[in-house]
Amino acid sequence: MEPQALKAALSSGLLSFPVTDFTADGAFDAAGYARRLEWLAPYGASALFAAGGTGEFFSLAPDEYGAVVGTAVEASAGQVPIIAGTGCGTRLAVQLARQAEALGAAGLLVLPHYLTEADEEGVARHVAAICESVGIGVIVYNRGVCRLGPDSLARLADRCPNLIGFKDGIGDLELMLRVRRRMGDRFCYLGGLPTAEFFASAYNAIGVPVYSSAVFNFIPRTALDFYRAVIAGDDATVNRLMDGFFIPYAEIRKRRAGYAVSIVKAGARLVGRDAGPVRTPLIDCTAEECAALGALIEALGPQ
């Protein structure tokens, strides 16, 4: 997909990161993952992210990455664009980016590079190297140790025509607004905080209506209903779903570090779309927590 076409596709609608399917012993389950993508595609997400944060990119071995991205591209069969995550050090990120492009990914999401802090100029050079290694569209994810401000983004946009998107996972509304005002229509803008629904109305108010929904993995109808309510200014529906699902859901999610992924896999299991366990260093939700989540899901009705 041509970068500007991808930018247009990402400028409206809901996005999601499918979880990555693993067998009971932790191996990648390509068949299960393909069924997951085939199930989610018809619900109408603007794009799906393969090997993203919720997809446990950080736990994939290099020889598994291509299998995950390739399976996603094949399973989507052109119904929905697949955006592949890339990250780690620059050399590995470039290798993965080129592999994703060769496999047919429509674009790339540059995930935070590593645990070490880095100067903003170094982060910008890292992003530029990835952009210049491929012809497909690239989105940078401001989160963790990957933090770019308006000036750096403006220089990158001039240097890299295929840098088409900015995703925020920090939650600094002032910074997000400054980036939005500085860059205008040069980028598409995506909300990417954990349980992004909490911030959707505020981000929509500053011109960032698009976000990625983790809960789309197991309650896709509700995820879309909530997104449409935010866009329409339907406060009654937003508040009903916030009180009835999202606030108690977040209370479970916050019990342990890493549960932003674990609770999504628990939800998938509860609706009959088991993706297997999370990989260490993450841990799975407890039986008690799964029961509490199951009650929240059941109250939403059929998906």
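Q: How many bridges join β3 and β4, and in which sense do the two strands pair?
A: This is a predicted model, and its strands β3 and β4 make a handy place to start. Strands of a sheet pair through backbone hydrogen bonds, either parallel or antiparallel. For β3 and β4 the sense is parallel, and the number of bridges is 4.

Q: Which residue of β4 is the bridge partner of Thr86?
A: Let's pick one bridge out of that pairing. β3 and β4 run in the parallel sense. Look across from Thr86 into β4, and the partner there is Val110.

Q: In what order do the strands of the open sheet come?
A: Zooming out, β3 and β4 belong to an open sheet of 8 strands with parallel pairing. Its edges are β1 (15-16) and β8 (210-211), each of which pairs on one side only. Walking from one edge to the other, the order is β1-β2-β3-β4-β5-β6-β7-β8.

Q: What is the bridge partner of Gly165 in β7?
A: Further along the sheet, β6 and β7 run parallel and are joined by 4 bridges. In β7 (residues 188-191), Cys188 and Leu190 point one way while Tyr189 and Gly191 point the other way, and all are buried. The residue in β7 that partners Gly165 is Cys188.

Q: Which strands does α5 lie across, and at about what angle does it run to β4?
A: Now for the helices on this sheet. α4 lies across β3 and β4, and its angle to β3 is about 165 degrees. α5 lies across β3, β4, β5 and β6, and its angle to β4 is about 165 degrees.

Q: How far apart are the end C-alpha atoms of helix α5?
A: Helix α5 covers residues 120-132, which makes 13 residues. At 1.5 Å a residue, the expected span is 18 Å. The model agrees with that, because the distance between the end C-alpha atoms is 18 Å.

Q: Which elements do the buried residues of α5 pack against?
A: Start with who is buried: in α5 these are Val123, Ala124, His126, Val127, Ala128, Ile130 and Cys131. An α-helix has 3.6 residues a turn, so residues three or four places apart point the same way. The elements that the buried residues of α5 pack against are β3 (82-86), α4 (90-103), β4 (107-110), β5 (137-142), α6 (150-159) and β6 (163-168).

Q: Which residue caps the N-terminal end of α5?
A: Check the start of the helix, at the backbone nitrogen of Glu121. A side-chain oxygen lies 2.9 Å from that nitrogen. The residue it belongs to, and so the cap, is Asp119.

Q: With which residue does Glu121 form a salt bridge?
A: Side chains of opposite charge can pair when their charged atoms come close. In this pair, the closest N and O atoms are 3.2 Å apart. The two residues are 4 apart in helix α5, which means about one helical turn separates them. Glu121 is partly exposed, at 36% relative accessible area, and its partner is Arg125.

Q: How many residues apart in sequence are the parts that Arg182 and Asp151 tie together?
A: Arg182 and Asp151 form a salt bridge, with their closest N and O atoms 2.5 Å apart. Arg182 sits in helix α7 (residues 173-183) and Asp151 in helix α6, so the pair links separate parts of the chain. Arg182 is partly exposed at 45%, and Asp151 is partly exposed at 45%. The gap between the two parts is 31 residues.

Q: Is Cys290 buried or exposed?
A: Cys290 is found in helix α12 (residues 287-300). Beyond its neighbours within four places in sequence, Cys290 is in contact with Ala266, Arg269, Leu270 and Cys285. Its relative accessibility is 14%, and because under 20% is the cut-off, Cys290 counts as buried.

Q: Which residue's backbone oxygen does the side chain of Ser16 reach?
A: Back at the edge of the sheet, Ser16 lies in strand β1. At 0% relative accessibility, Ser16 counts as buried. Outside its neighbours within four places in sequence, its contacts include Ala47, Leu48 and Phe49. The side chain of Ser16 reaches, at 2.7 Å, the backbone oxygen of Ser213.

Technical notes: Residues are numbered from 1 along each chain as its sequence is written. This is a predicted model: local features need pLDDT of at least 70, side-chain atom pairs count only at pLDDT 80 or more; totals for chains, interfaces and linings use all residues. Side-chain values use heavy atoms; hydrogens and water are left out. The expected span of a helix is 1.5 Å times one less than its number of residues. Buried means under 20% relative accessible area, exposed over 50%, partly exposed in between (1.4 Å probe, protein chains only). Contact means heavy atoms within 4.5 Å. A polar contact is a pair of N or O atoms within 3.5 Å; within protein, one must be able to donate a hydrogen and the other to accept it, and residues adjacent in sequence count only if both atoms are side-chain atoms. Two strands pair if DSSP finds at least two bridges between them. Axes are lines fitted to C-alpha atoms, for helices over the stretch in contact, and angles run from 0 to 180 degrees between N-to-C directions. A salt bridge is a side-chain nitrogen of Lys or Arg within 4 Å of a carboxyl oxygen of Asp or Glu.
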